Amino acid sequence: MTETARRSMMSRVRGMMFKLPYMISCVEFEDFIDSYLDDDLPPRQRRIFEMHLALCAECRAYLRKYKASIELAKSAEAEPVDVKVPEDLVRAVLAAREGGDT
Amino acid sequence: MNDTGTGRDGGEKPVDLSALIAGDGRAVEQFVRRESGWMAAVCQRILRDESLAHDCVQNAFVSIFRNLLAFRGDARLKTWMYRIVVNQALMDQRKRKRLREEPIDNLELEFYSDGCRVELGQSPEPSPEERLDSKQTGERVQTAIDRLPENYRIVLLLRDIEELTTAETAEVLEMTENNVKVTLHRARAALKILLEALT
């Protein structure tokens, strides 16, 4: 069986499984990701979300990469917020303000 | 007029708005010194150019001082200032050559017709030549952020990097909170696609 055929068959099996009671599809799972990461899901929805996560390798891989890319963005942009501002910028702002007042 | 703090944690000394409006030179200078750091960081993240970021801070301060009387005090001063700084930076950005945004079609999530996710799983391990140091990784990630459509990029920067709340982001960008949530999710999902090789 080719990889594409195997994936297609697995997808059909999962597609049927996720129609069972208390199951959600990957599309529905997607809608709850941020609430799950913010720990903002009510207990029942959280259990349903985690059941899908336990059964779906694709969504587990997706969620891992989704979280990793958020962390990468935070670390790439991490710099002290109160960066030292050059004196000439402060002087220029004050001068511009005085110029605006006149 | 009431004093109002700009610190998001509420721990900073409140700003004396009356002194600023009255043009008290000392109060103005203290205010500029205190606020220009975070403003420069926001402009730098949007414009990716230190000199342009400094010009942007200067213009934003001009707007802030010009409009202080109109500040109604029903928003936090810092949220109000964020709106002015972000708008100034976006205006400056639009005047420059546009960033190379990725077509939105390339950033759509993929599902099979039965609602199952299309996901490749583990990315292949990079070869020793392909491995990036942390500086190169940081540059690659910043480039990916810059390729996001502008509305995705700005919501991602405010929520995930500046760590504004959903309500604050909605106020700064004049969007509904629900729209901020939806856009943030799309932005994160799009960034995940652009960073596939690094995750």
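## Exercises on a two-chain helical model

Helix H4 of chain B is mostly covered, with 14 of its 19 residues buried, where buried means under 20% relative accessible area, exposed means over 50% and partly exposed lies in between (1.4 Å probe, protein chains only). The model is a predicted one, in which local features need pLDDT of at least 70 and side-chain atom pairs count only at pLDDT 80 or more, while totals for chains, interfaces and linings use all residues. Residues are numbered from 1 along each chain as its sequence is written, chains are lettered from A and ligands numbered from 1 in the order in which they are written, and side-chain values use heavy atoms, with hydrogens and water left out.

### Exercise 1. The two chains

Task: Describe the secondary structure and the burial of chain A and of chain B.

Solution. Begin with the elements, where helices (H or I, at least four residues) and strands (E, at least two) are DSSP runs numbered from the N terminus. Chain A has 5 helices and 0 strands, and chain B has 8 helices and 0 strands.

Next take burial: 37% of the 102 residues in chain A are buried, and in chain B 49% of the 199 residues count as buried.

Then turn to the surface, for which accessible areas come from the Shrake-Rupley method with a 1.4 Å probe, and for residues only the protein chains shown count as cover. Chain A exposes about 6100 Å², of which carbon and sulfur atoms supply 58%, and chain B exposes about 10300 Å², of which these atoms supply 46%.

### Exercise 2. Two helices and their lengths

Task: Compare the end-to-end distance of H8(B) with its expected span, and do likewise for H4(B).

Solution. The expected span of a helix is 1.5 Å times one less than its number of residues. For H8(B), with 18 residues, the span should be 26 Å, and the end C-alpha atoms are 26 Å apart, which agrees. H4(B) covers residues 77-95 and reaches 27 Å from its first C-alpha to its last, close to the 27 Å expected for 19 residues.

As a last step, ask what covers H8(B): its buried residues include Val180(B), Leu184(B), His185(B) and Leu191(B). The buried residues of H8(B) pack against H2 and H4 of chain A, together with H5, H6 and H7 of chain B.

### Exercise 3. The largest pocket

Task: Find the volume of the largest pocket and the residues closest to its centre.

Solution. On a 1 Å grid over the protein atoms alone, a cavity is a set of points where a 1.4 Å probe fits but cannot get out, whereas a pocket is an open set with protein on both sides within 12 Å along at least five of seven lines, and lining residues have an atom within 4 Å of a point. Grid points are joined across faces, edges and corners, and a volume is the space filled by probe spheres set on the points.

The largest pocket holds about 620 Å³ of space. It is lined by 23 residues, of which Asp31(A), Asp34(A), Lys181(B), Val182(B) and His185(B) are the closest to its centre. Two or more residues of the lining come from each of H2 of chain A and H6 and H8 of chain B, and H8(B) gives the most, with 10 residues.

### Exercise 4. A buried phenylalanine

Task: Decide whether Phe29(A) is buried or exposed, and list what it touches.

Solution. Phe29(A) lies in helix H2 of chain A, and because its relative accessibility is 0%, it counts as buried. With contact meaning heavy atoms within 4.5 Å, and leaving out residues up to four places away in sequence, Phe29(A) touches Ile24(A), Phe49(A), His52(A), Leu53(A), Cys59(A) and Arg117(B). Phe29(A) and Leu53(A) are 24 residues apart in sequence and 8.4 Å apart in space, C-alpha to C-alpha.

### Exercise 5. Two positive phi angles

Task: Locate Arg48(B) and Glu174(B), and state how exposed each one is.

Solution. Most residues other than glycine have a negative phi. Arg48(B), however, has a positive phi near 55°; it sits in the loop between H2 and H3 of chain B and is partly exposed, with a relative accessible area of 23%.

Glu174(B) also has a positive phi near 55°, and its place is in the loop between H7 and H8 of chain B. At 60% relative accessibility, Glu174(B) counts as exposed.
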